[in-house]
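Biologist: I'd love your help with a close look at one part of this model. Could you walk me through it once we both have it on screen?

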Amino acid sequence: MSHFSQIKTQIRDLTSLQQALTDLGVEWKAGPQPVRGYRGQTHEAEVVIEQDNGYDVGFSWNGQEYALVSDLQYWQQPLSVDGFLRRVTQRYAYHTVVKETTRQGFQVAEEQRQSDGSIRLVVQRWSA
């Protein structure tokens, strides 16, 4: 029986996920490669975050999104699982919005971090 938990996310773009992790100072490795778990069990993932305790955290494509995959009993990150996913999801959303608005011809004109931790973006597009 597998000890791995798979937590659904709304993350669908690998590049934005990788940029989000980098923004947060998380060291990650590009896959596919194994996420190490209990008693040598492994699970393939497209992004792997190695932990000092020998049990990894990963993001694995499930056909619809990148699910967080880990043996949660051995979670060794500075934030809780929920806190970690909240931070990753916020940075992921930021990169997704910037990428999509750039694709549509917009530029970020202003970026403000709010006191509640949210980010306010103002985008503009010049038309001829």
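Which residue just after H2 takes a positive phi, and of about how many degrees? Please start there, then take me through the sheet, with S5 in particular.

Modeller: Happy to! Please keep in mind that this is a predicted model. The residue you are after is Gly105, which follows directly on H2 and has a positive phi of about 95°. The helix before it, H2, covers residues 81-103, 23 residues in total, and spans 32 Å from its first C-alpha to its last, close to the expected 33 Å. Its buried residues include Val81, Phe84, Leu85 and Val88, along with Arg91 and His95.

Now to the sheet. It is open and made of five strands in the order S1-S5-S4-S3-S2, with antiparallel pairing. S1 (5-7) and S2 (29-36) stand at the edges with a single partner strand each, so one side of each has no neighbour in the sheet. From one strand to the next, the twist averages 45°.

S5 itself runs over residues 66-70, and five of its five residues are buried. In a regular strand, side chains alternate between the two faces of the sheet. Here Tyr66, Leu68 and Ser70 point one way from S5, while Ala67 and Val69 point the other way, and all are buried.

S5 has S1 and S4 beside it in the strand order. With S1, the pairing is antiparallel over three bridges, and Gln6 stands opposite Val69 in S5. With S4, also antiparallel, there are five bridges; Ser60 has Ala67 in S5 as its bridge partner. S4 and S5 form a hairpin with four residues between them, and Gly63 in that turn has a positive phi of about 100°.

One strand further along, S4 (residues 57-61) is joined to S3 (residues 42-49) by three bridges, again antiparallel. In that pair, Ile49 stands opposite Val57 in S4.

Ile49 also brings us to the largest pocket, since its lining includes this residue. That lining takes in Phe84 and Arg87 as well, together with others, among them Leu24, Glu27, Gln77 and Pro78. Phe84 is also one of the buried residues of H2. The pocket holds about 210 Å³ of space, and by class its lining has six nonpolar, two polar and three charged residues.

Notes. Residues are numbered from 1 along each chain as its sequence is written. This is a predicted model: local features need pLDDT of at least 70, side-chain atom pairs count only at pLDDT 80 or more; totals for chains, interfaces and linings use all residues. Side-chain values use heavy atoms; hydrogens and water are left out. On a 1 Å grid over the protein atoms alone, a cavity is a set of points where a 1.4 Å probe fits but cannot get out, and a pocket is an open set with protein on both sides within 12 Å along at least five of seven lines; lining residues have an atom within 4 Å of a point. Grid points are joined across faces, edges and corners, and a volume is the space filled by probe spheres set on the points. Ala, Val, Leu, Ile, Met, Phe, Trp, Tyr, Cys and Pro count as nonpolar, Asp, Glu, Lys and Arg as charged, and the others, Gly among them, as polar. Helices (H or I, at least four residues) and strands (E, at least two) are DSSP runs, numbered from the N terminus. The expected span of a helix is 1.5 Å times one less than its number of residues. Buried means under 20% relative accessible area, exposed over 50%, partly exposed in between (1.4 Å probe, protein chains only). Two strands pair if DSSP finds at least two bridges between them. Axes are lines fitted to C-alpha atoms, for helices over the stretch in contact, and angles run from 0 to 180 degrees between N-to-C directions.
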